[in-house]
Amino acid sequence: MADNNCREHIIASAIPLFAAKGLNGVSVRELVAAAGVNLSMISYYFGGKEGLYASVLSEQFAILGKLEEIEQMEVDTLQKFELYVRATVSRYRNYPYLLRFYTSELTNPTACFVTIVKPAIKKVVQMLLDTFSAGLSQDKFRDDLDPADSVLAMVGMINFYFLIEPATAELVDHAPERDEELILHIMDIFRRGVLK
């Protein structure tokens, strides 16, 4: 197996284990067994279990590139919010363990919280706050709304929809085929709430 392929294989094998048990709940032996590699490979590629966990989180929280693309686009503020919603829904579909890492790091932070998770969350919220401020300065959004509360309400709608899926699967159709409907619904609620 080529170097990069082996490294990626180890990361892919570690994701479900770390998502289920957290950094401290997974042993190096479990990681090695799941990846089908010898112990030295974890040290060689990642410097140890903590380095592997950091690599997993870096991959899981790598939405920043997409956000920078959205930030640079010359589109209406509502379109930027919709692009963010679309990117987030896509991210959760492509990275089904992401919310487990969010909740784990928010409730029981590791050293990676400060270096990886918090900066990623901060970047997302700052981009959305900047977009909301642009909407206010263009006199499109209601000026009686708190920008931070408005942005966090939108983020909450998306995150909670995916977070609560295991508990609501019998009540709500969370199928990926409904993603477009979900996106439009979130944007409709947001639009009606913020526009003048």
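**Exercise 1. Placing D139**

Work out whether D139 is buried, exposed or partly exposed, from its relative accessible area.

*Solution.* Start with the value: D139 has a relative accessible area of 49%. Next, apply the cut-offs: buried means under 20% relative accessible area, exposed means over 50%, and partly exposed lies in between, with a 1.4 Å probe and protein chains only. D139 is therefore partly exposed. Then place the residue: D139 sits in the loop between helix 8 and helix 9. Finally, look at its backbone: D139 is not a glycine, yet its phi is positive, at about 60°.

A word on the ground rules before we go on. The model is predicted, and local features need pLDDT of at least 70, side-chain atom pairs count only at pLDDT 80 or more, and totals for chains, interfaces and linings use all residues. Residues are numbered from 1 along each chain as its sequence is written, and side-chain values use heavy atoms, with hydrogens and water left out.

**Exercise 2. The chain as a whole**

Find how many helices and how many strands the chain has, and say what percentage of its residues count as buried.

*Solution.* Begin with the rule: helices (H or I, at least four residues) and strands (E, at least two) are DSSP runs, numbered from the N terminus. By that rule the chain has 11 helices and zero strands. Now turn to burial: 40% of the 196 residues count as buried. For the overall dimensions, the C-alpha atoms fill a box of roughly 60 × 40 × 30 Å along the principal axes. Last come the contacts, meaning heavy atoms within 4.5 Å. Of the contacts with a separation of 6 or more, 71% join residues 24 or more positions apart.

**Exercise 3. Two helices and their spans**

Compare the end-to-end distance of helix 1 with that of a straight helix, then do the same for helix 4.

*Solution.* First the yardstick: the expected span is 1.5 Å times one less than the number of residues. Helix 1 (residues 3–25) has 23 residues and would reach 33 Å if straight, but its end C-alpha atoms are only 27 Å apart. Now search for a bend, the angle between axes fitted to the seven residues ending at a position and the seven starting there. Helix 1 has a kink of about 85° centred on A19, and A19 is among the buried residues of this helix. For helix 4, 12 residues should span 16 Å, and the end C-alpha atoms are indeed 16 Å apart, which agrees.

To finish, check what the two helices pack against. The buried residues of helix 1 pack against helix 2 (28–35), helix 3 (39–46), helix 4 (49–60) and helix 7 (98–107). Those of helix 4 include K49, L52 and Y53, and the buried set packs against helix 1, helix 2, helix 3, helix 6, helix 7 and helix 8.

**Exercise 4. Two helix pairs**

Classify the packing of helix 1 with helix 2 and of helix 8 with helix 9.

*Solution.* Two packed helices are described by the angle between their axes and the distance between the axes. Axes are lines fitted to C-alpha atoms, for helices over the stretch in contact, and angles run from 0 to 180 degrees between N-to-C directions. Helix 1 and helix 2 pack at about 150°, with their axes 9 Å apart. That makes them roughly antiparallel, given that angles under 35 degrees count as roughly parallel, over 145 as roughly antiparallel, 65 to 115 as roughly perpendicular and the rest as oblique. In the contact itself, residues of helix 1 including H9, I10 and S13 meet E30, L31, A34 and A35 of helix 2.

Now the second pair: the axes of helix 8 (residues 111–137) and helix 9 (residues 147–163) come within 9 Å and cross at roughly 125°. Helix 8 and helix 9 are therefore oblique to each other. From helix 8, V125, L128, L129, F132 and L136 take part, and their partners in helix 9 include P147 and A148.

**Exercise 5. D179 and Y95**

Which residues does D179 contact, and which does Y95 touch?

*Solution.* D179 lies in helix 11 (residues 179–194) and is buried, at 13% relative accessible area. Setting aside neighbours within four places in sequence, D179 contacts V89 and R93. D179 and R93 are 86 residues apart along the chain, with C-alpha atoms 9.5 Å apart. Y95, in the loop between helix 6 (77–94) and helix 7, is partly exposed at 22% relative accessibility. Not counting residues up to four places away in sequence, Y95 touches E59 and Q60.
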